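The exercises below ask you to work through a structure step by step, with the sequence and the coordinates at hand. Try each task before you read its solution.

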Amino acid sequence: MITKVSPKRGSRTRGLLEYLWGPGRHNEHTNPHMVAAWDESFLQQELDSFERGLLAREMEAPLRLFGRESGGHVYHVSVSIDAPDGELTDEQWAEVARAGAEKLGFTDADGQAAVPWIAMRHGKSTNGNDHIHFVASLCRENGTVPDIRGDYGKWREVREHFAAKWGLRTGRSRGAGMPGVTRAELESAQRQGRNEPARTELAREVRGAAAGARTEAEFLQRLRRSGVLVSARWEDGKELPVGYSVALKPPTGEKPVWFGGAKLAEDLSLGALRTAWPEPGSEQVADDRREWHPTGWRDMPTGRQLANRRLRAEAWEETGQRIAEMRTRLEQIQPTDAATWSSASREAAGVLAALAHRVEPGHRHQLSRAADALASAAQTADEEPVPPRVDVLAPMAGVARAVADAALVSHSAPIAIATVTMQLGRLVQALERAHELAGRREQAERTARAAEQMLEHIRRTPSPQQLQAQREQQERERQEREVRERQERERRGEQPRGVDQDRGRDGGHGR
């Protein structure tokens, strides 16, 4: 069960009711009707446009009667269940709505006046989620204004209660720490010919850059090398930025669309990322500050030059061994240690994101999806802080650096990447087992999806024999192309390549 409180309250109850009872943006609204209300007499009638107007006036009557200023008084919450959970009955949804009203203090219990509220249902969303809309006018019938502080937490209690009661998925708010992609983003990606929305791609790029970075400066260097635009948010008196935004390079003539780190995922905010890096000294702060500033600043020396060495190709084999060691270490961790397993999922997601970036764009789909699924499984509940990198997982940063930096020999690159993916897949299976044993069903399902995508990538990797056949075919095509070019030059009477074009100057004789 998922609850989404509209962050911006409206000022027109009638307008919201007309939309909810209307056809919807994609004609998805069917059979609109109320399932619960503060005054149950409204449940006995079908509401046409005129009666909806009367309902809106009735809900806003306390505002007018007691001279309360209208505006920002329309409170709206959508409550939904995941599509695989099917549908609830009107009676069940009414029970959810009444529980929400009671938690918020909107009922006339304890001798206080009620807040006008309704809950309506109009069919499934375009994603197939059964849901209701809870609407209230924030003025009690005695003219007092209700205190709704802490409403997010109260709705969380409601959804967790009914999820346990009816065996529903809990669906932590805001997409388990990763904001859901909007329809507008999907349509924009389709118009631009992208396979996925910009926010999804950016989250993966940021996660991959952060996973292999040892410092804030290195994180920014890796991010810019991947082609991502970065902008800092500064506050007076601060040596380093307090936030950041990223964007993909836009098409010619268009402006970039920026996303704040926390809008990509809760664990990608600047504060959360900094928990994985050592506390910087004065020299490191100077390096970090230089990287955040424009290019001219970044060219200035800081007194400390970082030596970036390229890892050898043999690092791929060492990387596989290190992942195997990590799997052995995790076997000692209790499945109930949710924070450590969440950190392990986050570290593995970062390695996968970096690994996907090493694959040719047309073949990275499965690894990208796997990284996204693991990142989703790594998110913590709303009220819990993002756990820092634990000591047992520290070597994973080295794995991410090796994956991102190790030299690739072109003819063996697919095999090297598939080998690391296979080792990482065994680690992901260990994550899935731990989530299952601890009863973390949603994390187990997301981790299982990651494992399936990784296996599909391995299946699609050509064998050494196939790679050899491809190289031989490419060599034959190259030779045939050279023969055709030589024949075309001879037909035109041109000199063959490599012949000294200055021979005619001395009659063709040598010195």
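**Exercise 1. Determine what share of the residues is buried, and describe the overall make-up of the protein.**

Solution. Of the 511 residues in the protein, 46% are buried, and this value, like those that follow, comes from a predicted model. Turning to secondary structure, one finds 19 helices and eight strands. The surface that the protein exposes amounts to about 27,500 Å², with 47% of it supplied by carbon and sulfur atoms. Finally, if one takes the contacts between residues at least 6 apart in sequence, 71% of them join residues at least 24 apart.

**Exercise 2. Find how Arg-52 and Glu-18 interact, and work out which parts of the chain the pair ties together.**

Solution. Begin with the distance: the side chains of Arg-52 and Glu-18 meet in a salt bridge, at 3.2 Å from N to O, which satisfies the cut-off of within 4 Å. Next, place the two residues: Arg-52 belongs to helix H2 (residues 49-65) and Glu-18 to helix H1 (residues 13-21), so the salt bridge ties together parts that lie 34 residues apart in sequence. Then consider accessibility: Arg-52 counts as buried because its relative accessibility is 11%, and buried means under 20%. Glu-18, at 25% relative accessibility, counts as partly exposed.

**Exercise 3. Are Arg-207 and Asp-267 buried or exposed, and where in the chain do the partners of this salt bridge lie?**

Solution. The side chains of Arg-207 and Asp-267 meet in a salt bridge, with 2.9 Å from N to O. This pair links distant parts of the chain, since Arg-207 sits in helix H7 (residues 198-212) while Asp-267 sits in the loop between helix H9 (261-264) and helix H10 (270-274), 60 residues apart. As for accessibility, both Arg-207 and Asp-267 are buried.

**Exercise 4. Analyse the salt bridge of Lys-103 with Glu-157 in the same manner, and then set it within the whole structure.**

Solution. In the salt bridge between Lys-103 and Glu-157, the closest N and O atoms are 2.7 Å apart. Lys-103 lies in helix H3 (residues 90-104) and Glu-157 in helix H4 (residues 151-166), so that distant parts of the chain, 54 residues apart, are linked. Lys-103 has 42% relative accessibility and counts as partly exposed, and Glu-157, at 41%, counts as partly exposed as well. For the whole structure, a search finds 22 salt bridges, and a network of salt bridges links Glu-87, Asp-90, Arg-121, Lys-124 and Asp-130.

Definitions and conventions: Residues numbered from 1 in each chain as written. Predicted model: local features only at pLDDT ≥ 70, side-chain atom pairs only at ≥ 80, totals over all residues. Heavy atoms only, no water. Helix = DSSP H or I, 4+ residues; strand = E, 2+ residues; numbered from the N terminus. Buried < 20%, exposed > 50% of the residue type's maximum accessible area, 1.4 Å probe, protein only. Contact = heavy atoms within 4.5 Å. Areas by Shrake-Rupley, 256 points an atom, 1.4 Å probe, with all protein chains shown as cover.
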